[in-house]
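Trainee: I should like to understand how descriptive terms are justified from a structure. May we work through one together?

Mentor: Certainly; let us look at it first.

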Amino acid sequence: SWLGSLYKADITSPQNQSTIISTNGVYRTFLDGNDLYVSERIEGKISKIDITQTSPSPVDVITNLSFPTGIFIQDDILYFGESGTSISKININDTNPVKTIISNTFNDPTGINLIGNDLYVAEFGAGKISKIDITQTSPQPVDVVTSLSNPTEILVVGNDLLVSEFNGNRIIQIDI
């Protein structure tokens with residue numbers, strides 16, 4: 001889902017005041033330590049925000065993307081989808097990260113999550129969850145579950161995938 005703005009709120013404050021920290025078409029977020037990574041579809045970039053700062057400001061991580069969607073970080077590698085067909089990766093420690101396309105065989109990848117070497121992908125346009133083995137040179141997607149109603153996000157809880165369906169108005173549980 002598109003968010004117009006992203007706010008930081010101190011829930012211990014009686015006034016519960018909020019501070020805008022990004023207003024560029026936030027699509028997905030991922031918290032890695034104190035850094036909140038944000039895919040900004042309108043700006044075509046992924047930014048990060050140090051959430052410990054009093055007045056945080058977004059810092060560009062990678063720009064010139066085509067509607068970045070789902071994001072996931074593991075071991076300093078940021079995996080991300082782009083509207084259309086691709087899943088790519090960058091090293092977040094690189095000063096000028098270079099995008100490497102892992103696979104361009106998806107149908108509107110919106111949510112992603114990594115379990116071991118398997119990158120699970122919610123394919124909004126195909127109505128399914130697929131996975132690829134990121135250790136393969138040219139990984140081919142394998143269907144995990146099909147006939148979903150526009151899956152948007154994936155969360156791993158124990159041995160289960162929790163998948164939100166945009167048009168199904170539900171969250172489904174898949175044993176992996």
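Trainee: Which side chain of opposite charge is nearest to D160, and how far away is it?

Mentor: This is a predicted model, and in it the nearest side chain of opposite charge to D160 is K131, 14 Å away. A salt bridge requires the nitrogen and the carboxyl oxygen to be within 4 Å, so a separation of 14 Å does not qualify. D160 is buried and has no salt bridge.

Trainee: What does the side chain of D160 make a polar contact with?

Mentor: The partner is the side chain of Q173, at 2.7 Å. The limit for a polar contact is 3.5 Å, so the value of 2.7 Å falls within it. D160 lies in strand β16, residues 160-165. Leaving aside neighbours within four places in sequence, D160 is in contact with L155, Q173, I174, D175 and I176.

Trainee: How do you know that R28 and E153 form a salt bridge?

Mentor: Their closest N and O atoms are 2.5 Å apart. As the cut-off is 4 Å, the pair therefore meets the definition. R28 belongs to strand β3 and E153 to strand β15 (residues 151-157), so this salt bridge ties together parts that are 125 residues apart in sequence.

Trainee: Why is R28 called buried and E153 partly exposed?

Mentor: R28 has a relative accessible area of 8%. Buried means under 20%, so the word applies to R28. E153 has 28%, and a value between 20% and 50% is called partly exposed, so that term fits E153.

Trainee: What makes the contact of K131 with D118 a salt bridge?

Mentor: The distance from N to O is 3.8 Å, and this is within 4 Å, so the pair counts. K131 is in strand β13 (residues 128-133) and D118 in strand β12 (residues 118-123), 13 residues apart. K131 is partly exposed at 25% relative accessible area, and D118 is partly exposed at 23%.

Trainee: Which terms, buried or partly exposed, describe R170 and E165?

Mentor: The side chains of R170 and E165 meet in a salt bridge, with 2.2 Å from N to O. R170 has a relative accessible area of 46% and is partly exposed. E165 has 5%, which is under 20%, so E165 is buried. The structure holds 6 salt bridges, including this one.

Trainee: Why is strand β4 said to be largely enclosed by the rest of the structure?

Mentor: Strand β4 covers residues 35-40, and 5 of its 6 residues are buried, so the description follows.

Trainee: What makes β4 a partner of β3 and of β5?

Mentor: Pairing needs at least two bridges. β3 (residues 26-32) and β4 are joined in the antiparallel sense over 6 bridges, so they pair. Likewise, 6 bridges join β4 to the antiparallel strand β5, residues 45-50. D32 stands opposite D35 in β4, and L36 stands opposite I49 in β5. In the hairpin of β3 and β4, with 2 residues between the strands, G33 has a positive phi near 65 degrees.

Trainee: How do you know that strand β7 is mostly covered, and how many bridges join it to β8?

Mentor: Of the 7 residues in β7 (residues 68-74), 6 are buried. β7 and β8 (residues 77-82) run antiparallel and are joined by 5 bridges, with Q74 opposite I77 in β8. Their hairpin has 2 residues between the strands, and D75 in the turn has a positive phi of about 55 degrees.

Notes
Residues are numbered from 1 along each chain as its sequence is written. This is a predicted model: local features need pLDDT of at least 70, side-chain atom pairs count only at pLDDT 80 or more; totals for chains, interfaces and linings use all residues. Side-chain values use heavy atoms; hydrogens and water are left out. Buried means under 20% relative accessible area, exposed over 50%, partly exposed in between (1.4 Å probe, protein chains only). Helices (H or I, at least four residues) and strands (E, at least two) are DSSP runs, numbered from the N terminus. Lys and Arg count as positive and Asp and Glu as negative; His and the chain ends are not counted. A polar contact is a pair of N or O atoms within 3.5 Å; within protein, one must be able to donate a hydrogen and the other to accept it, and residues adjacent in sequence count only if both atoms are side-chain atoms. Contact means heavy atoms within 4.5 Å.
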